[in-house]
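I opened this model to look up a few local features and the surroundings of its ligand. My notes are kept in the order in which I went through them.

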Amino acid sequence: MSGLLAGKRLLVTGVITDASIAFSVAKLAQENGAQVVLTGYGRLSLVQRIAKRLPEPAPVIEMDVTDPEHLAGLADRVREHVDGLDGLVHSIGFAPQTCLGGGFLDASWEDVSTALHVSTYSYKSLAVAALPLMSPGGSVVGLTFDATQAWPVYDWMGVAKAGLESASRYLALHLGRQGIRSNLVAAGPLRTMAAKSIPGFEQFEEAWAERAPLGWDLTDQEPAARACLALLSDWFPATTGEIVHVDGGYHAVGA
Ligand SMILES: NC(=O)c1ccc[n+]([C@@H]2O[C@H](COP(=O)([O-])OP(=O)(O)OC[C@H]3O[C@@H](n4cnc5c(N)ncnc54)[C@H](O)[C@@H]3O)[C@@H](O)[C@H]2O)c1
């Protein structure tokens, strides 16, 4: 086996279509020598169908990150396919419609709590569920959308991402002694199912087209996936609690 991730065993969450960032991560990881196990949420048969489009068939385990039974059973389910994990990819986000598109002042706590449960708390839940399979050198990687500023239509999802960014730093703190890293990739806007559910998402598209110094392709998940692979690899052995921007340089320049 050769490649950046030769011999690595990865658990990749968040595939729902072949436009999912997680799909690109799984594909590139296999192409670079990794063995991949997927988790799917809800429409499992759809995820299984999409999984068949990967270079190698990948098993799919059911995982709703808000379901304590799914979390408790995760390690055993993964062990049916691999004897341990070197990396975990959290590529999960959801917020009810009331939390997005300008509804910041009106969204109920019930809806906001759903957004935070699925998009923020789950980063910790998933890592803890996978922990029995991980050993020193292991890597947890998640996806954020730069939460250092308030965006016009992102609303409570922005708050959830700010929480995720903090949760990643705390995970880095609490898992560091076990030699396990936690890092995030802050991707620019990409046309995935999650993105399409944000009313006014095109505002991001226009902003990136105008401002990103390197330009930005809204349909190319590969740059974000490549950064995930790098963070999963042995090439960032002393990096944890970090956020790598893969946004064409947008975050670095003023309007
Ligand atoms: N698309 C973008 O513009 C963009 C930019 C930066 C960061 N991100 C982040 O990337 C990650 C992946 O999103 P994507 O853009 O690939 O969209 P996507 O719709 O392809 O993936 C989102 C995934 O979240 C999963 N999910 C939702 N609720 C879940 C639950 N309760 N349990 C388990 N899984 C659940 C969905 O099944 C889906 O697979 C998300 O964290 C998203 O916020 C996306």
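The entries below go from the conventions to the ligand, then to the helices and some single residues.

**Conventions.** I am working with a predicted model, in which local features need pLDDT of at least 70 and side-chain atom pairs count only at pLDDT 80 or more, while totals for chains, interfaces and linings use all residues. Residues are numbered from 1 along each chain as its sequence is written, and side-chain values use heavy atoms, with hydrogens and water left out.

**Ligand.** I looked up which residues are closest to the ligand, taking as near any residue with a heavy atom within 4 Å of it. I found 27 residues around the ligand, and the closest are Gly14, Ser20, Lys161, Leu190 and Thr192. For polar contacts I took pairs of N or O atoms within 3.5 Å; within protein, one atom must be able to donate a hydrogen and the other to accept it, and residues adjacent in sequence count only if both atoms are side-chain atoms. Ser20 places a polar side-chain atom 2.6 Å from an oxygen atom of the ligand. Backbone N or O atoms serve in two further entries: that of Val65 lies 3.0 Å from a ligand nitrogen atom, and that of Leu190 lies 2.7 Å from a ligand oxygen atom. On its own the ligand has 820 Å² of accessible area (Shrake-Rupley method, 1.4 Å probe; for residues, only the protein chains shown count as cover),, and the protein covers 94% of that area.

**Helix α1.** Helices here are DSSP runs of H or I with at least four residues, strands are runs of E with at least two, and both are numbered from the N terminus. I call a residue buried under 20% relative accessible area, exposed over 50%, and partly exposed in between, with a 1.4 Å probe and protein chains only. Nine of the 11 residues of α1 (residues 21-31) are buried, so this helix is largely enclosed by the rest of the structure. Among the buried ones are Phe23, Val25, Leu28 and Gln30. Counting contact as heavy atoms within 4.5 Å, I find the buried residues of α1 packed against β1, β2 (35-40), α2 (44-51), β4 (85-90), β5 (134-144) and α8 (222-232). Gly33, just after α1, takes a positive phi of about 95 degrees.

**Lys8.** This residue lies in the segment before β1 (9-12). Lys8 counts as buried because its relative accessibility is 13%. Beyond four places in sequence, Lys8 touches residues that include Gly33, Asp86 and Asp234.

**Helix α4.** The 22 residues of α4 (residues 109-130) should span 32 Å at 1.5 Å a residue, and the end C-alpha atoms are 29 Å apart, which agrees; the expected span is 1.5 Å times one less than the number of residues. I also noted that α4 bends by about 55 degrees at Ser122, the bend being the angle between axes fitted to the seven residues ending there and the seven starting there. Ala127, also in α4, is buried at 2% relative accessible area. Outside its neighbours within four places in sequence, Ala127 is in contact with Leu88 and Leu171.

**Asp155.** Most residues other than glycine have a negative phi. Asp155, found in helix α5 (residues 155-175), has a positive phi near 45 degrees.
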